[in-house]
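Hi,

Here is the structure I promised to pass on. Have a look at it first, and then read on for what turned up.

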Amino acid sequence: MSFANDVKKEISAGKLGARHCVLAETAAIVMNNGELIETDKGLCLEIGTDRYITAVRFLKLIKEGFGVLMQVSVRCGHPGSVKRYLLREQNPGTVNRILDALKLEHKAARLFEQDIPVNEILLMSSCCRRAFLAGSFLCCGTMSSPDKSYHLELVSSGMRKALQMASMMCAFDLEPRVIRRRNHYVVYIKEGGQLSDMLNIMQATNSLLEYENIRITREIRGNINRVVNCETANIRKTVSAARMQVEDILLIRDHIGTSKLSKELYDTAMIRLQNEEATLKELGAMMNPPVGKSGMNHRFQKLKKMADEIRASMEE
């Protein structure tokens, strides 16, 4: 099971909030998965989802909020295809009562295809906004496993609905972005800390703990790799510089002789030849008296200048 499914499973199994929170979460699911169908007897409300956990959560919400147990049917096109769960309420009186509570205009429509946001009256308090985001994630959310990448999406059929979801996330100091992808609008977050906050907002506590463990491990591993890479680069740089210094000293020895060097440059050249892999700091500590790293670098620059002059004379 994917990490996103684990999150949805936890949300679905979570405790229902107060009635106003139940209405906010119910509204999110109705607007993203609902359909109003006109029948001879009146309006019928149908919720379609291919996720069992979403169907179970909606059944709980309707039963808690309205004392109604919706009819459930399962459709499967052919063996191996994804099951489709249909929740239906055919009592027009009950449907109108639900629509009134959700502040939704009574009209037949495929709500999941309409760009109709949830009535803001249902989202006045912070707890209701949490419930709304949890319900939205159940219907149209995806989330990458944190050991692979940091990415959360809420996919909507309309721009107004997407902007509302983004606005509710901004209310919790998140910074979502909204883009259009083909015929849909996508609200997404790609920052690890904000994804952690989103899990907390949706009250997916167990998933949050698992996410943080994976994220911390991943970041520690990344820091270790960066340190190792940096150390490796420094070692390569040190080895390369030492090799060039040895070449300069050997060139000077073979053409003018090290006896022509001043005492400080002679001592520097000899100690480098004896310690080809040592750093400047280590070489400086071996000198008598000790010489600082910058002092050693200055001496090697003098030796390099002499070697370059020899190379120039050889080319003439």
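Before the details, one cut-off you will need: a residue counts as buried when its relative accessible area is under 20%, and as exposed when that area is over 50%. Also keep in mind that this is a predicted model.

Let's start with Leu261, where that cut-off comes straight into use. Its relative accessible area is 11%, so Leu261 is buried. You'll find Leu261 in the loop between helix H8 (205–255) and helix H9 (263–274). What does Leu261 touch, leaving aside its neighbours within four places in sequence? The contacts are Ile252, Tyr266, Ala269, Leu303 and Met306. Take Leu303 from that list: Leu261 and Leu303 are 42 residues apart along the chain, yet their C-alpha atoms are separated by 9.1 Å.

Now for the cores. The largest nonpolar core has 68 residues, and the members touching the most others are Val7, Met143, Leu154 and Leu199. If you click on Leu199, and skip residues up to four places away in sequence, you should see that it touches Phe3, Val7, Met143, Ala204, Ser207, Leu208 and Tyr211. So two of those busiest members, Val7 and Met143, are also partners of Leu199. There is a second core as well, separate from that one, with 18 residues. Leu261 belongs to this second core, and Leu265, Ala269 and Phe300 are also among its members.

Next, helix packing, with H5 (residues 126–140) as the helix to follow. Helix H1 (residues 3–13) packs with H5 at an angle of about 135°, the two axes being 10 Å apart. That angle makes H1 oblique to H5. The crossing of H1 past H5 is left-handed. On the H1 side the contact involves Ala4, Val7, Lys8, Ile11 and Ser12, and they meet Ala134, Phe137 and Leu138 in H5. Sorted by class, this contact has six nonpolar residues, one polar and one charged. Val7 is worth a second look here, as it turns up both in this contact and in the list of busiest core members.

H5 also packs with helix H6 (residues 159–170): their axes come within 10 Å and cross at roughly 135°. H5 and H6 are therefore oblique to each other, and their crossing is left-handed. H5 brings Arg129, Phe132, Leu133, Ser136 and Cys140 to the contact, while H6 brings Gln164, Met165, Met168 and Met169. The class split for H5 with H6 is six nonpolar, two polar and one charged.

Finally, some backbone details to look up in the loops. Which residues have a positive phi without being glycine? One is Arg182, with phi of about 55°, in the loop between strand S7 (177–181) and strand S8 (184–189). Arg182 has a relative accessible area of 69%, so it is exposed. Another is Gln203, where phi is near 60°. Gln203 sits in the loop between helix H7 (192–201) and H8, and with a relative accessible area of 57% Gln203 is exposed too.

The last stop is a cis peptide bond, which joins Asn288 and Pro289 with omega of about 0°. To find Pro289, go to the loop between helix H10 (280–286) and helix H11 (293–315).

Cheers

How values were computed. Residues numbered from 1 in each chain as written. Predicted model: local features only at pLDDT ≥ 70, side-chain atom pairs only at ≥ 80, totals over all residues. Heavy atoms only, no water. Axes fitted to C-alpha atoms, helices over the stretch in contact; angles between N-to-C directions. Helix = DSSP H or I, 4+ residues; strand = E, 2+ residues; numbered from the N terminus. Parallel < 35°, antiparallel > 145°, perpendicular 65-115°, else oblique. Left-handed = near helix turned anticlockwise from the far one by under 90°. Contact = heavy atoms within 4.5 Å. Nonpolar A, V, L, I, M, F, W, Y, C, P; charged D, E, K, R; others polar. Core = buried A, V, L, I, M, F, W, Y, C linked by side-chain atoms within 4.5 Å. Buried < 20%, exposed > 50% of the residue type's maximum accessible area, 1.4 Å probe, protein only.
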